[in-house]
Amino acid sequence: MSESIPPRSDDTRWLSVTLAPTTQKLGRFSIDTWRIADLSPSATPETESHVAEPATADEVAHRRILPLQLHLTERTDYRYNLRCEQPRLFVQCDEREADGMQPRVVTACQEVASHWMDGDQLVLDVPMPPALMVWLEAYLARHGERLDEGKKKKKRKGAGRASQAEQHAATPDKTHQPGDGTESTS
């Protein structure tokens, strides 16, 4: 292994993501949108592992090499994604005035992507390459699958006092009965 290439970690793969502008026609109107033109593995953050046709200056302006990092807390979401008919990768994008739309972050977790969309971020998706599906499956096999048990209600101290209050209300009040030792003497 060369010293310039960092070792591949168990939870990270580098991907080259290229965006391309497109125009969609809706009736008489046309809308400028973005799509993922290319998503391919990259050996390191600095170099690309695949040899492709020479890229145009516009393609290079919208290409970034990003890490796809897996997190133990998202294992349930990864399993859900892999069980879908077509597993997907999600790319969060930013628009910069100087160079247009840029890919910013990649994830395989639909929950994370939905939070990005809730925050009014542009999120594009693309089918997950088979090699990444195999890697993700192996990650889940090594680390186990986290099961969502749902949120359990914690039993608070004093829980059930309403039912106790009803029971006390149903029994007669003994505070003023003669002979129980609670009488006041004047």
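**Salt bridges, helix packing and a surface patch**

Four salt bridges are counted in this predicted model. One of them joins arginine 142 to aspartate 10, with 2.3 Å between the closest N and O atoms. Because arginine 142 belongs to helix α4 whereas aspartate 10 sits in the segment before β1, this pair ties together parts that are 132 residues apart in sequence.

Helix α4, which spans residues 130–143, also packs against helix α2, formed by residues 75–83. The axes of the two helices are 11 Å apart and enclose an angle of about 140°. An angle over 145 degrees would count as roughly antiparallel; α2 and α4 are therefore oblique to each other. Their crossing is left-handed. On the α2 side, the residues that meet α4 are Arg75, Tyr78, Arg79 and Leu82. Their counterparts in α4 are Met133, Leu136, Glu137, Tyr139, Leu140 and His143.

The segment before β1 contains aspartate 10, and strand β1 itself covers residues 12–26. Leucine 26 is found in this strand. Together with Phe29 and Ile31, Leu26 forms a nonpolar patch on the surface. The accessible area of these residues together is about 300 Å².

Conventions:
Residues numbered from 1 in each chain as written. Predicted model: local features only at pLDDT ≥ 70, side-chain atom pairs only at ≥ 80, totals over all residues. Heavy atoms only, no water. Patch = residues over 30% accessible without salt bridge, like charges linked within 9 Å, V, L, I, M, F, W, Y side chains within 5 Å. Areas by Shrake-Rupley, 256 points an atom, 1.4 Å probe, with all protein chains shown as cover. Salt bridge = Lys/Arg side-chain N within 4 Å of Asp/Glu carboxyl O. Helix = DSSP H or I, 4+ residues; strand = E, 2+ residues; numbered from the N terminus. Axes fitted to C-alpha atoms, helices over the stretch in contact; angles between N-to-C directions. Parallel < 35°, antiparallel > 145°, perpendicular 65-115°, else oblique. Left-handed = near helix turned anticlockwise from the far one by under 90°. Contact = heavy atoms within 4.5 Å.
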